[in-house]
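Please work through the exercises below with the sequence and the coordinates at hand. Each task is followed by a stepwise solution.

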Amino acid sequence: MLDYDKLLSDKAKQMKPSGIRKFFDVVATMDDVISLGVGEPDFQTPWLVRQTAIESLERKRMIYTANSGMAELRQEIARYVKRKYMLSYDPKTEIMVTVGGSEAIDLAIRSVVNPGDEVLVVEPSFVCYKPIVELMHGVAVPISTKLENKFKLTPEELQEHITDKTKMLILPYPNNPTGGIMTRSDLEAIAEVLRGTDIFVLSDEIYSELTYGVKHVSIAAIDGMRERTIYVSGFSKAFAMTGWRLGYFCAPEPLAEQMLKLHQYAIMSAPTLSQYAAITALRECDRDVEKMVAEYDSRRRMLVDGFNRIGLTCFYPEGAFYIFPCIRSTGMNSEEFCEILLQEEKVAVVPGNAFGDSGEGFIRVSYAYSLKHLQEALRRIDRFVKRHHDAGDKL
């Protein structure tokens, strides 16, 4: 019999399972659970997008596309990022369509990181960055952001972590899980630290359309930052196209050229049907996105007010569709809180430490769910917190 433990990749074996998926494997075995955990918009993909996909099927437009994506889609992406965020990229050489934003992140890290290189990972943040860095034998260096700064990265925190081995900064704003954003002035301060260095920026901006009262700014639009920035986005969140698996990156040609080679061998091309649909999303669906954002905004306000009333304090997030309440007042750690809440009240939320050590003492709650579900979840969480506070008072 084969000794798999001896034969398998050491790096793969050392990789921990996703803290999000590990928890929701348990949820999947239970009935009648209200889940506020997965970053899955509850809106349907806009009808015009679905109609375009249907037409592409009927016309049998299902052959492979160019490795970098359909030329028409890349041109539309170029127009879109220029119109929305004042970014200028050549669709022929600086834009590539990927299988979700996740593939673009993977390509960016694998194209830049050599063994021993340090990659600064702003935390709390999405779970994939650190494992990919480590697969490349790089060193992931967490930068822990703070609640009192609304989980923004400060220039002082950045400067403190830069060494002569620093190769890349991963900047994930609007942020999953905190909902924090970086304003233009925030980004200009970060850019000032990076000027004069050879540090790349991987800017994960998948939630850029989902902001509330503040217009999103990309670090690639800040003077001197375009040449070092890999801009990553996609269609999952803004256009409710998670299962369509389509993303893209924009980057200077020397970077894009290397990322394309990896994509050619690993993937070949993104789904053809999804690419046709994405063209319509970019051209025709601004109003659909605006309606989604307005609905998310009302849910956001209701949920933040509710958690603060319960005593699990949180700030008003200005981006994405998550809140990040502090649960330290309960005396439980993040995993205890989530596990006991699930067992006692059948409400599923994500432990904050799934997003890095600095997430301990918090939970991630998604408001990409109906008001009815959010209100019922709040009622159950209120009951749960009161019960455990009362039990603590009796000890």
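The exercises concern a predicted model and treat a helix, the nonpolar cores, the enclosed and open spaces, and two single residues.

**Exercise 1. Helix α11**

Task: Determine whether the span of helix α11 agrees or disagrees with its number of residues, and state where its buried residues pack.

Solution.
1. Helix α11 covers residues 272-284, which is 13 residues.
2. The expected span is 1.5 Å times one less than the number of residues, so α11 should extend over 18 Å.
3. The end C-alpha atoms of α11 lie 19 Å apart, which agrees with that expectation.
4. A residue counts as buried under 20% relative accessible area. By this criterion 11 of the 13 residues of α11 are buried, and the helix is mostly covered.
5. The buried residues of α11 include T272, Y276, I279 and L282.
6. Their packing partners are α4 (47-58), α5 (71-85), β2 (95-98) and α12 (286-310).

**Exercise 2. The nonpolar cores**

Task: Identify the residues with the most contacts inside the largest nonpolar core, and the element that gives the largest share of this core.

Solution.
1. The largest nonpolar core comprises 71 residues.
2. Within this core, L73, I77, F235, F239, F307, F321 and F337 have the most contacts.
3. Helix α12 provides the largest share of the core, with eight residues.
4. A second core, separate from this one, has 25 residues, including A104, I105, V112 and A251.
5. In soluble globular proteins, nonpolar side chains tend to be buried together.
6. For F239, with residues up to four places away in sequence left out, the contacts are T45, P46, Y80, E209, A281, L282, C285, V289 and M292.

**Exercise 3. A pocket and a cavity**

Task: Describe the second largest pocket and the largest cavity by volume and by lining.

Solution.
1. The second largest pocket has a volume of about 540 Å³.
2. Its lining consists of 28 residues, and S102, F126, N176, Y207 and K237 lie nearest the centre of the pocket.
3. Helix α6 contributes the largest share of this lining, four residues; α3 (19-27) and α6 (100-112) each supply at least two.
4. By class, the pocket lining holds 12 nonpolar, 10 polar and six charged residues.
5. The structure contains one cavity of 30 Å³ or more, and the largest cavity holds about 110 Å³ of space.
6. The largest cavity is lined by 16 residues, with Y173, M182, L187, H216 and V217 nearest its centre.
7. The lining of the largest cavity divides into nine nonpolar, five polar and two charged residues.

**Exercise 4. Two single residues**

Task: Classify V121 as buried or exposed, classify R50 in terms of its relative accessibility, and list the contacts of each.

Solution.
1. V121 is part of strand β3 (residues 118-123).
2. The relative accessible area of V121 is 3%, so V121 is buried.
3. Apart from neighbours within four places in sequence, V121 is in contact with Y129, A140, V141, P142, I143 and I170.
4. M96 is 25 residues from V121 in sequence, and the two C-alpha atoms are 24 Å apart.
5. R50 belongs to helix α4.
6. The relative accessibility of R50 is 25%, so R50 counts as partly exposed.
7. Not counting residues up to four places away in sequence, R50 touches Q44, T45 and W244.
8. Between R50 and R379, 329 residues apart along the chain, the C-alpha separation is 36 Å.

Definitions and conventions:
Residues numbered from 1 in each chain as written. Predicted model: local features only at pLDDT ≥ 70, side-chain atom pairs only at ≥ 80, totals over all residues. Heavy atoms only, no water. Buried < 20%, exposed > 50% of the residue type's maximum accessible area, 1.4 Å probe, protein only. Contact = heavy atoms within 4.5 Å. Core = buried A, V, L, I, M, F, W, Y, C linked by side-chain atoms within 4.5 Å. 1 Å grid on protein atoms, 1.4 Å probe; cavity = no way out; pocket = protein on both sides within 12 Å on 5 of 7 lines; lining within 4 Å. Points joined across faces, edges and corners; volume = space filled by probe spheres on them. Nonpolar A, V, L, I, M, F, W, Y, C, P; charged D, E, K, R; others polar.
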